[in-house]
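Hi everyone, thanks for coming. I'd like to walk you through one chain today, starting with the whole fold and then stopping at a few individual residues. Here it is on the screen.

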Amino acid sequence: MNEGRTIVLDEDAERRLWRKIAFRIIPLVGIAYVISYIDRANLGYIAKPMSADLGMTTAQLGFAAGLFFLGYVLVEVPSNMMLRRFGARIWISRIIISWGMVTAVTGAVQSATQLYIARVILGFAEAGLAAGILLFLTFWFPKKQRAWAMSAFFLCIPLSSIIGAPIAAALLQWGQALLGIAGWRSLFVVEGVLTIIVGVIILMFLPEKPSKAKWLTADEKVYVNEILSEEAALQVSHGAMTGMRQALTNGRTWALAVAFFAIVFGLYPIAFFLPTMIENLSSSIGSAANVSSVLLAAIPSVAAIVVMVLWSRVAVRRSAVLSTTVPMACGALGLVGATFTQNGALFIIAVCVSISGIYTAMPQFWRIPALSMTGAAAAAGIALINSVSNLSGFIGPYVTGAIETATGSYTYALLTIAAVIVVGLIILLTVGRRAEALGVRGDGIAVNSGDVGTDSVDKL
């Protein structure tokens, strides 16, 4: 322990402290993230009945899915700066309640144009949630604990598919009987109401920062504040970025933004179109052919959860770059493998490899930006990286839908996604690796040995 601290905890007490914080914080923000990803992916679950009712092509559906991210990207950075001003509890709950209302209203759209408008408004309403939560976690966890905390939080993404798929399947089948409206419309209404409820829960129970957490003792509050303050001061002394403009104009921030764009490029197209892909191959799945393609689409997410948990135990002893690029490579290879099979079961296995790789790379990536940003720079930099990455949510589904419409197959779309992931991998192996290997430099790179691992540079 640092002798300069007024509060010193032994190893067991410190472990209990971080575990307590994790159990109190991560489930609250995690449930919001689960709902957000269910909301983003619901177009994939209801693609066929909704497009039939509204007279939409696959390309139009991909366009509608992607429009969400236009509004999202435009106000991501301002939203994170507002979070710093008004506090996480108020701002995150505001975001959640707003998008819940928009989602519920989306169930009443009568045309493709109305759906387009609803998706753009939804993007504005939900903007800042992911970046805000990522910033919020830095208020609670120092770098040494951030690797596993991020991994635990990002488990919410595959979990959203596991939860969302059966809900979608049930409402598609019984929504008409329960609510008196088409099954796909009932999905929007039910998800919207659930989202509003989650927003109210966040408003009631999410603490702003450690000093306001009633479930922490006085000594624990002091300890957490001291360790986070020490870390921030060390970053500043090493030349870490501290200002918003500095982060937004730094070349490394933009390079990392492009790299994360590449990681998540395949996430949304696969989420949106996987049920349709499986349905197209369902005749070769054999005994599973009668099982809903929506439910089968949840299988890769189950695999991803297992891989994310196992890899987080390995990654904590490895560099952030290595821990990110290895699963990225698996994600690309899985997509290539999926294009070479016409067997439904083998296709699902290949997608499991790809989805597991993409999901596993995401939390490990977020260890990298935190090495060189703090304060307003962290708020702006995290938002910028997440904002650029979300452009993939617009480009990916639209490109996938357009390629399928033009070729009648998803093969070339999957290969395109794999190529983009490889480009991101190359960027991380240059920009990210250089940042870790050089340690402390005058241009804003501060490497923390607790995050990277004492032997990580030698292993690169």
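Let's begin with how the chain's contacts are spread along the sequence. Counting contacts with a separation of 6 or more, 83% are between residues 24 or more positions apart. Please keep in mind that this is a predicted model. The chain has 22 helices and 0 strands. It runs to 460 residues, and 58% of them count as buried. As for the outside, the accessible surface is about 17,700 Å², with 65% of that belonging to carbon and sulfur atoms.

Now to a pair of helices. Please find helix 13, residues 251-264, and helix 19. Their axes come within 8 Å and cross at roughly 35 degrees, and the crossing is right-handed. On the helix 13 side, the residues making the contact include Trp 254, Phe 260 and Phe 261, and on the helix 19 side they include Leu 384, Asn 386 and Ile 395. What sort of residues make up this contact, nonpolar, polar or charged? They divide into 12 nonpolar, 5 polar and no charged.

One of those residues deserves its own stop, and that's Asn 386. Asn 386 sits in helix 19, which covers residues 376-407. Is Asn 386 buried or exposed? Its relative accessible area is 5%, under the 20% cut-off, so Asn 386 counts as buried. Which side chain does the side chain of Asn 386 make a polar contact with? The partner is the side chain of Glu 76, at 2.5 Å. If we set aside the neighbours within four places in sequence, Asn 386 is in contact with Tyr 72, Glu 76, Ala 130, Ala 131, Phe 260 and Trp 366. You've already met Phe 260 as part of the helix 13 side of the crossing.

While we're at helix 19, have a look at the loop between helix 19 and helix 20, the latter being 411-438. That loop is where you'll find Tyr 410. Tyr 410 is buried as well, because its relative accessible area of 10% is under 20%. Tyr 410 and Leu 274 are 136 residues apart along the chain, and their C-alpha atoms are separated by 9.9 Å.

Next, a glycine. Gly 357 belongs to helix 18, residues 344-365. With a relative accessible area of 4%, Gly 357 is buried. Beyond its neighbours within four places in sequence, Gly 357 is in contact with Pro 327, Met 328 and Gly 331. There's also Gly 334: it lies 23 residues from Gly 357 in sequence, and the two are 8.3 Å apart, C-alpha to C-alpha.

My last stop is an acidic side chain. Glu 208 is in the loop between helix 10 (183-205) and helix 11 (218-237). Why does Glu 208 count as buried? Its relative accessibility is 16%, and the cut-off for buried is under 20%. Which backbone nitrogen does the Glu 208 side chain reach at 2.7 Å? That one belongs to Ala 88. The same side chain of Glu 208 also reaches the backbone nitrogen of Arg 89, at 3.3 Å. Leaving out the neighbours within four places in sequence, the contacts of Glu 208 include Phe 86, Gly 87 and Ile 90, along with Phe 136, Phe 139 and Trp 140.

That's my tour. Thanks for listening, everyone!

Terms used: Residues are numbered from 1 along each chain as its sequence is written. This is a predicted model: local features need pLDDT of at least 70, side-chain atom pairs count only at pLDDT 80 or more; totals for chains, interfaces and linings use all residues. Side-chain values use heavy atoms; hydrogens and water are left out. Helices (H or I, at least four residues) and strands (E, at least two) are DSSP runs, numbered from the N terminus. Buried means under 20% relative accessible area, exposed over 50%, partly exposed in between (1.4 Å probe, protein chains only). Contact means heavy atoms within 4.5 Å. Accessible areas come from the Shrake-Rupley method with a 1.4 Å probe; for residues, only the protein chains shown count as cover. A polar contact is a pair of N or O atoms within 3.5 Å; within protein, one must be able to donate a hydrogen and the other to accept it, and residues adjacent in sequence count only if both atoms are side-chain atoms. Axes are lines fitted to C-alpha atoms, for helices over the stretch in contact, and angles run from 0 to 180 degrees between N-to-C directions. A crossing is left-handed if the near helix is turned anticlockwise from the far one by less than a right angle, and right-handed if clockwise. Ala, Val, Leu, Ile, Met, Phe, Trp, Tyr, Cys and Pro count as nonpolar, Asp, Glu, Lys and Arg as charged, and the others, Gly among them, as polar.
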